[in-house]
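Here are a few notes to read with the picture open. Take them one at a time and find each piece as you go.

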Amino acid sequence: MKLLRAYACPFKTNILEKKKVCYTGSIPTAIEGVVKARAFSSRTVRDVGQPTATTHPQLLKKGEITPGISSEEYIWRRKKLLELLPENALAIVASAPVKMMTDVVPYTFRQDADYLYITGCQQPGGVAVLGHECGLCMFMPQARPDDVFWQGEVAGVDAALDTFKADEAHPISALDKFLSKMIGSSSQLFHNVNTADSIYMNLEAFRRAAYDGKVKDFSVYSHEARWIKSEAEISLMRNSASIGCQALLHTMLHSKSFPNEGMLSAKVEYECRTRGAQRMAFNPVVGGGHNGSVIHYARNDQRIEDGELVLMDIGCELHGYVSDLTRTWPPCGRFSSVQEELYDLILETNEECLRLCKPGTSIREIHNYSVNKLRTGFKELGLLKSDRPQNYHLLNPTNIGHYLGMDVHDCSKISYDRPLKPGVVITIEPGVYIPSNFDGPERYRGIGIRIEDEVLITDTGYEVLTGSVPKQIKHLESLLNNLCNGMGREKHNDVTTPLS
């Protein structure tokens, strides 16, 4: 009975009385009556399964498909991709699959970047087709009433045309009928290998094209189109970086009173989400002490002992665009002399590599510079006994950076030898990761340090999008010892709690 009353809440009694909704009947009867009653409400807003300017005016302006990105930009993206595609070629891009945690519990859904870039649709179950003849054709899932009851509305054929501005749209059940003809009349076929789906791969026309060697990876073209960001994309990336910076700064302030990897991981995610991020870009790396020397450490289950460093690599996602930054600091508020020696070398490398960022240079060139800089520094500190590359790689096997955008390691088909252009976003992240069993000076063993910044290439050079988070030793120590001391915390045994 309580469940039935819940459905009546949003509607006026007189409207329900006119529709003669029976509250003592079955749930389907009550739902049917409410749905019919809703038709009389002037406040009815059409739900297409994701935010729109009508349902979420606080997020989107009129004409936007994604907050900050208009339908005109999506149409321009499709035209750009069609210009890249060979004549009479067809590209098939399926949405990301739903991945299950258990038999009835899905993991949080994240859309495939290529599908999102082309359509703006944030939902699973669709297949997008790009062709010179059809433009954008979207095949959309068909939700059963029971699915809508349990999971909510989903975008269908009407939304494909009206919301996502597709040139053509069909239900997914008609995919065989329409897509088979499209494939048969095309000379080349491309598809998104990462989201390849049996729903189209099992079509006889697709299998025949694959057998004839006509099927290739679409990402060669999609990554080319996504590599240089538009002004709208740059704005979202600035905002994503700003959220990540504020979240990490608050987490730093939190770390002196809560020196625990799990608590810091929870804190940074909380700070990102409360500022509007939809999710973390990846599981935060919170490596305290020797865990900081594990490059992609993800357990986050250890206390951080007094005097140890903590390395935090974090990023968040805002409307499809991610941030990525790293800082390393001592929660206790003071670097030791040994930690300071290593940190100064990494910071110098970070700052010098940032100054190399400009149009015409490449990630490879910046990386080679960083290797020479760090190798010299490691020798001076006594960490390297020879010039053999494998010895250096024991201390730092990573690249100086990567492209950044809709994915953390964005546009992987673009070579690191490609000269950078205005609108490209990269990371600069020198580091040192010394294992606890390293055959070198004992005082350095188990230390991990990384300083990562997010960098936009501009017409005149670069813009550091993560520059608001301090990285100079004196600034970090001042932050931890002055601001943190005024936060009003006390510890009880093994648990730290705020003062009430």
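1. In what order do the six strands of the open sheet come? Keep in mind that this is a predicted model. Going across the open sheet, you meet β6, β5, β4, β3, β7 and β8, in that order. The pairing is mixed.

2. Now look at the edges. Strands β6 (168–171) and β8 (215–217) sit there with a single partner strand each, so each has one side without a neighbour in the sheet. Ignoring direction, neighbouring strands of this sheet are turned by 20° against each other on average.

3. Zoom in on one pair. Strand β5, residues 135–140, runs parallel to β6, and four bridges link the two. Follow methionine 140 across and you reach its bridge partner in β6, proline 171.

4. Next, the helices. Helix α4 (residues 71–84) packs on the sheet, where it touches β4 (127–131) and β5. The direction of α4 makes about 55° with that of β4. Helix α8 (residues 175–184) lies across β3, β4, β5, β6 and β7 (188–191). Compared with β3, helix α8 runs at about 145°.

5. Last stop: the loop between β3 (89–94) and α5 (113–119), where you'll find methionine 101. Is methionine 101 buried, partly exposed or exposed? Its relative accessible area is 47%, so methionine 101 counts as partly exposed, a label for values from 20% to 50%.

6. Methionine 101 also has company: Met101, Val104, Val105 and Tyr107 make up a nonpolar patch on the surface. Together, these four have about 400 Å² of accessible area.

How values were computed. Residues are numbered from 1 along each chain as its sequence is written. This is a predicted model: local features need pLDDT of at least 70, side-chain atom pairs count only at pLDDT 80 or more; totals for chains, interfaces and linings use all residues. Side-chain values use heavy atoms; hydrogens and water are left out. Patches are made of residues with over 30% relative accessible area and no salt bridge: like charges are joined within 9 Å, nonpolar side chains (Val, Leu, Ile, Met, Phe, Trp, Tyr) within 5 Å. Accessible areas come from the Shrake-Rupley method with a 1.4 Å probe; for residues, only the protein chains shown count as cover. A salt bridge is a side-chain nitrogen of Lys or Arg within 4 Å of a carboxyl oxygen of Asp or Glu. Buried means under 20% relative accessible area, exposed over 50%, partly exposed in between (1.4 Å probe, protein chains only). Two strands pair if DSSP finds at least two bridges between them. Axes are lines fitted to C-alpha atoms, for helices over the stretch in contact, and angles run from 0 to 180 degrees between N-to-C directions. Contact means heavy atoms within 4.5 Å.
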